[in-house]
2 protein chains.
Amino acid sequence: MKMTIPESTIHRMPQYIKVLEYLDEGKVLFVTSRDFETHIDVNPSIIRKDLSYFGEFGVRGKGYSVTGLKQELEKIMGLTGHRTIIIGAGNIGKALTNYKGFDNIKLKINAVFDNDERKIGSMINTIPVLDIKTMKAYVESENIEFVIMAVPSSIADLVVDQLIDSDIKGIINFTSKFLSVPKRIKVISINIDTKIMEMFYFLKKSRMK
Amino acid sequence: MKMTIPESTIHRMPQYIKVLEYLDEGKVLFVTSRDFETHIDVNPSIIRKDLSYFGEFGVRGKGYSVTGLKQELEKIMGLTGHRTIIIGAGNIGKALTNYKGFDNIKLKINAVFDNDERKIGSMINTIPVLDIKTMKAYVESENIEFVIMAVPSSIADLVVDQLIDSDIKGIINFTSKFLSVPKRIKVISINIDTKIMEMFYFLKKSRMK
DNA sequence: TCCACATTGTGAAAGAATTCACAATGTGGT
DNA sequence: ACCACATTGTGAATTCTTTCACAATGTGGA
């Protein structure tokens, strides 16, 4: 059973987890691949195919146990209590620091790093703001595997240089710059500009017809 | 020349625009499809193929004029001075309101809407915070085509109900809920949880080998 | 003006992802 | 214990996307 798992499957797995969390909160016990259509935009056979890459989790004629499948998928995706840091105590950094949703995915924000003297030493909602100069040492002593980067684009490359120098494995990139890093570091970018441009295109098209 | 343009092409177009903006700032005059590889993660023939869906913009033997191509792509994607509103004056709403990058894509934030008495009537950085009860009327009188939704997930459905009732064409969704809307409304979701779960999966895999 | 060179634009080939369709199998009612 | 039914899991067919590879064509130097 040695097959490579499609990229697109990996993109969908977290969505399945979210749907299962939602159903679980609503005390739903069983769910069929068809039920997913109400909550997410994929067709039933794709869900079954996706799951089949990892095992057989369903009961024929019945569906999937909500809590059972949730646990399996969480295990598959590695939701096992990660810790991270946020780089940048600006607007986005602050918003992320206050974000409650990280609990659901068992993510803990350990600290925020910034270069602004006035911010260093303060707290954002129980989380300390530390000097960015101490970041590399911190990442290594605390064994941080990935970081969330929310600094102004202008200093993105500077920060990336420091990260390359550390043994970080991944970067969640909120800057609008393309980050050029060695292959050992995984970059996942979240970029609002590009999404909004897609919206523009859609609006233009829908005006045309 | 009536062909359907791949979804994936539309995702990449905004990235090309960003690269061209960057090169333009650096006073670069010409760029080849190969040059793009430095700034974005796609191979040259895909760029050429993507562009070919819209026309012929290059000069053989030379490449593409940076400003020329930028203008063409902006026209194609419909970067023509859109206006929008932000729904939710919480952490994310505030961060977005202060975001400078919207200038580049010629997007103007007209107003922010919230239901919190204490916020209504105040300003966030020259942008007024208005009562969410007045949103529908505002959207219609100001001809807003799409909105940016940054409210707590718990009230997402409430807001969506109002939007469905208006003649909004699109929603940029920052909540972590799946929004169930009629086909005439395009939803584009930006969700950090799912991206972070992908990162967990990558970390797990890279630990295994 | 000519020619060696570079790069585009694009059919055709290869590769990936989605959808179909149905055998396999557990369910739940009688 | 049986059977009509529902839904999974999965090869095979289809559709979509990327990559290849090369003819077409403009460039820039001699």
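**Chain pairing and the surface near DNA strand D**

By class, the surface near DNA strand D (C-beta atom, placed from the backbone, within 6 Å) has seven nonpolar, 11 polar and 10 charged residues. Nonpolar means Ala, Val, Leu, Ile, Met, Phe, Trp, Tyr, Cys and Pro; charged means Asp, Glu, Lys and Arg; the others, Gly among them, are polar. This is a predicted model: local features need pLDDT of at least 70, side-chain atom pairs count only at pLDDT 80 or more, and totals for chains, interfaces and linings use all residues. Residues are numbered from 1 along each chain as its sequence is written, with chains lettered from A and ligands numbered from 1 in the order in which they are written.

Colleague: Which element gives the most to the surface near DNA strand D?
Modeller: 28 residues surround the strand, and A:Gly58 and B:Arg60 are among the closest. Helices here are DSSP runs (H or I, at least four residues), numbered from the N terminus. With six residues, the top contributor is α2(A).

Colleague: Which element gives the most to the side of chain A that touches chain B?
Modeller: 45 residues of chain A are in contact (C-beta atoms, placed from the backbone, within 7 Å) with 45 residues of chain B. That side of chain A has 23 nonpolar, 13 polar and nine charged residues. Giving 14 residues, the leader is α7(A).

Colleague: Is α4(A) roughly parallel or roughly antiparallel to α4(B)?
Modeller: Axes are lines fitted to C-alpha atoms, for helices over the stretch in contact, and angles run from 0 to 180 degrees between N-to-C directions. The two helices pack at about 170°, axes 9 Å apart. Angles under 35 degrees count as roughly parallel, over 145 as roughly antiparallel. So α4(A) and α4(B) are roughly antiparallel.

Notes:
Contact = placed C-beta atoms within 7 Å. Parallel < 35°, antiparallel > 145°, perpendicular 65-115°, else oblique.
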